[in-house]
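Me: I've just opened this one and I'd like to find my way around it. Can we go through it with a few quick questions?

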Amino acid sequence: MTDPSWRLVRADEVIGVLTQGTVDMFWTDCVFEPGPGWPDLQQLFAASRDAWRRGDPVAASEADEAIQALGLALVPIDGGPQLTEILLRINGDTARFRY
């Protein structure tokens with residue numbers, strides 16, 4: 001049995017693939033494989049991560065809102081409903097999301 005995987009998409013553009021690792025109460029931790037659309041979005045995710053790390057909730061919220069405005073969706077590779085209301089973090093080859 002394989003771990004669940006999702007394509008991270010914006011409209012028809014593939015941003016990357018997330019493969020489930022572990023799940024805790026609210027978050028699903030994944031391995032992230034960048035796709036062709038990743039370079040255009042990488043800076044937004046870095047801005048969010050860096051703002052949270054330095055304890056700047058205003059900048060972090062602004063970055064998270066910019067990410068939300070992109071209209072990203074997680075589409076299950078094995079079928080099923082896509083997830084559109086997600087909170088997503090990507091850092092290097094790891095990602096985590098909640099919905």
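**Strands first, then helices**

Me: How many bridges join β1 to β2?

Reply: β1 and β2 run antiparallel. A strand here is a DSSP run of E with at least two residues, a helix is a run of H or I with at least four, and both are numbered from the N terminus. Two strands pair if DSSP finds at least two bridges between them. For β1 and β2, the number of bridges is 6.

Me: Before we go on, what kind of model is this?

Reply: Residues are numbered from 1 along each chain as its sequence is written, and side-chain values use heavy atoms, with hydrogens and water left out. Local features need pLDDT of at least 70, side-chain atom pairs count only at pLDDT 80 or more, totals for chains, interfaces and linings use all residues, and the model itself is predicted.

Me: Which residue in β2 is the bridge partner of Ser5?

Reply: We're still on β1 and β2, joined by 6 bridges. Go to Ser5 and look across to β2, and its bridge partner there is Thr19.

Me: And which residue in β3 stands opposite Thr19?

Reply: β2 pairs with β3 too, in the antiparallel sense over 7 bridges. A hairpin of 4 residues joins β2 to β3. One facing pair is Gly16 and Pro34. As for Thr19, opposite it in β3 stands Val31.

Me: Which residue in β6 stands opposite Thr28?

Reply: β3 is joined to β6 as well, by 4 bridges, and the two run antiparallel. In β6, the residue facing Thr28 is Phe97.

Me: In β4, what is the bridge partner of Leu8?

Reply: β1 also pairs with β4, antiparallel, over 5 bridges. In that strand, the partner of Leu8 is Leu74.

Me: How many of the 5 residues of β4 are buried?

Reply: Buried means under 20% relative accessible area, exposed means over 50%, and partly exposed is in between (1.4 Å probe, protein chains only). β4 is largely enclosed by the rest of the structure, because the number of its 5 residues that are buried is 4.

Me: What is the phi of Ala11 near?

Reply: Most residues other than glycine have a negative phi. Ala11 goes the other way, with a positive value. You'll find Ala11 in the loop between β1 and β2, a hairpin with 2 residues between the strands. The phi of Ala11 is near 55°.

Me: Is Ala11 buried or exposed?

Reply: Ala11 sits in the loop between β1 and β2. Because its relative accessibility is 69%, Ala11 counts as exposed.

Me: Now the helices: how far does α1 reach from its first C-alpha to its last?

Reply: Helix α1 covers residues 38-53, which makes 16 residues. The expected span of a helix is 1.5 Å times one less than its number of residues. For α1 the expected span is 22 Å, and the reach is close to that, at 22 Å.

Me: Which residues in α1 are buried?

Reply: Contact here means heavy atoms within 4.5 Å. What covers the buried residues of α1 includes β1, β2, β3, α2, β4 and β5. The buried residues themselves are Trp38, Leu41, Phe45, Ala46, Ser48 and Ala51.

Me: Which residue with a positive phi follows α1?

Reply: Look just past the helix for a phi near 75°. The residue there is Gly55.

Me: Which residues does Asp64 touch, not counting those up to four places away in sequence?

Reply: Asp64 is found in helix α2. With a relative accessible area of 11%, Asp64 is buried. Leaving out residues up to four places away in sequence, Asp64 touches Ser48, Trp52, Leu87 and Arg89.

Me: What separates the C-alpha atoms of Asp64 and Leu88?

Reply: Along the chain, Asp64 and Leu88 are 24 residues apart. In space, their C-alpha atoms are separated by 8.5 Å.

Me: How far apart in space are Ala69 and Arg54, C-alpha to C-alpha?

Reply: Ala69 lies in the loop between α2 and β4, and it is exposed, with a relative accessible area of 68%. In sequence, Ala69 and Arg54 are 15 residues apart. In space, C-alpha to C-alpha, the distance is 23 Å.
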